[in-house]
Amino acid sequence: RDVVVKEAPQQEKQVTTTPKKNKFWTKDKITYGGGFGFTLNSSEFYVMIMPEIGYQLFEPWQISVAPKYSYNGDYNGSYSNHTVGVRIGTRVDFIRLKRQTAYKTNIFFGLAYQYEYEWGDHYPRETNYFDAGIGIRQAVGSRSNLYVMVAWHLYDSYSNAWFNSAIPTVSVGFEI
């Protein structure tokens, strides 16, 4: 006897692909931080607060924006000045130091534009700055960094000059 086996018709397999999520805009690339500073001496005081929000565009490059408020005055109340402003900046890591720990250390280049409006005991004035500098950022947690940066004014609209001051500004910050 011959056995005849009929093959069942093959059904076409439907291939479904899940759309890839856009990994450019993700929540874990957002950083929060900023700066707080104060100066106290025998006759006057200065206080500044500048919260910052940043975004890691890709691994070595970050952009950020930071509103700013500062107050400068004396203890007698004979003068006081207020400043509000905004800082838009970018940092690019150009050296990554290899370490034995899980927390990385990066050396970065920073560039920023800052606008300030000041009022108080003198006439109101607006000032624009372009700053550039170099810094070091040390990871202190899975998403936390401590950084120190030294920057110079490239342009200062108050004095209307490029490369007017050779005095660096040192800033220390923390980001989460």
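**Figure 1. A predicted chain built from strands.** Buried means that a residue has under 20% relative accessible area, while exposed means over 50% and partly exposed lies in between (1.4 Å probe, protein chains only). This is a predicted model, in which local features need pLDDT of at least 70 and side-chain atom pairs count only at pLDDT 80 or more, whereas totals for chains, interfaces and linings use all residues. Residues are numbered from 1 along each chain as its sequence is written, and side-chain values use heavy atoms, with hydrogens and water left out. The chain has 9 strands and 0 helices (DSSP runs numbered from the N terminus: E, at least two residues, for strands; H or I, at least four, for helices). Read from the N terminus, the elements therefore follow the order β-β-β-β-β-β-β-β-β. Of the 176 residues in the chain, 30% are buried. Contact here means heavy atoms within 4.5 Å. Among contacts between residues at least 6 apart in sequence, 47% join residues at least 24 apart.

**Figure 2. Arg137 and Asp93, a buried pair.** Here you can find a salt bridge, meaning a side-chain nitrogen of Lys or Arg within 4 Å of a carboxyl oxygen of Asp or Glu. By this rule the count comes to 4 salt bridges. In this view, the side chains of Arg137 and Asp93 meet, with 2.5 Å from N to O. Arg137 sits in strand 6 and Asp93 in strand 4, so this pair links distant parts of the chain, 44 residues apart. Are these two partners buried or exposed? Both Arg137 and Asp93 are buried.

**Figure 3. Arg87 and Glu52, a link between strand 4 and strand 2.** Look for the salt bridge between Arg87 and Glu52, where the closest N and O atoms are 3.8 Å apart. Because Arg87 lies in strand 4 and Glu52 in strand 2, the pair ties together parts that are 35 residues apart in sequence. Arg87 is buried, at 18% relative accessible area. Glu52 counts as buried too, at 12%.

**Figure 4. The largest cavity, with Arg87 and Glu52 in its lining.** A cavity is a set of points on a 1 Å grid over the protein atoms alone where a 1.4 Å probe fits but cannot get out; a pocket is an open set with protein on both sides within 12 Å along at least five of seven lines; lining residues have an atom within 4 Å of a point. The count comes to 1 cavity of 30 Å³ or more. The largest cavity has a volume of about 40 Å³ (the space filled by probe spheres set on the points, which are joined across faces, edges and corners). Its lining includes Arg87 and Glu52, together with Ser64, Gly89, Thr90, Arg91, Gly110, Leu111 and Met149. Which strand gives the largest share of this lining? Strand 4 does, with 4 residues. Strand 4 and strand 5 each supply at least two residues of the lining.

**Figure 5. The largest pocket and its lining.** The largest pocket has a volume of about 1000 Å³. Its lining is made of 38 residues, and those nearest its centre are Met48, Lys68, Gln114, Glu116 and Thr169. Among the elements that give two or more residues to this lining are strand 1 (30-40), strand 2 (44-58), strand 5 (105-120) and strand 9 (169-175).

**Figure 6. Asp74, a buried residue without a salt bridge.** Asp74 is found in strand 3, which covers residues 61-74. Asp74 is buried yet has no salt bridge, and the nearest side chain of opposite charge, Arg125, is 16 Å away (Lys and Arg count as positive, Asp and Glu as negative; His and the chain ends are not counted). Which residues touch Asp74, leaving aside its neighbours within four places in sequence? Asp74 is in contact with Ser43, Glu44, Phe45 and Tyr79.

**Figure 7. Arg125 and its partner Glu118.** In this close-up, Arg125 forms a salt bridge with Glu118, at 3.1 Å from N to O. Glu118 is buried, with a relative accessible area of 14%. Arg125 is partly exposed, with a value of 22%.

**Figure 8. Thr127 and Thr26, two threonines in their settings.** Thr127 belongs to strand 6 and is buried, at 5% relative accessible area. Beyond its neighbours within four places in sequence, Thr127 is in contact with Gln114, Tyr115, Glu116, Asp156, Ser157 and Tyr158. Thr26 lies in the segment before strand 1 and is partly exposed, at 23%. From C-alpha to C-alpha, Thr26 and Gln56 are 9.5 Å apart in space, and they are 30 residues apart in sequence.
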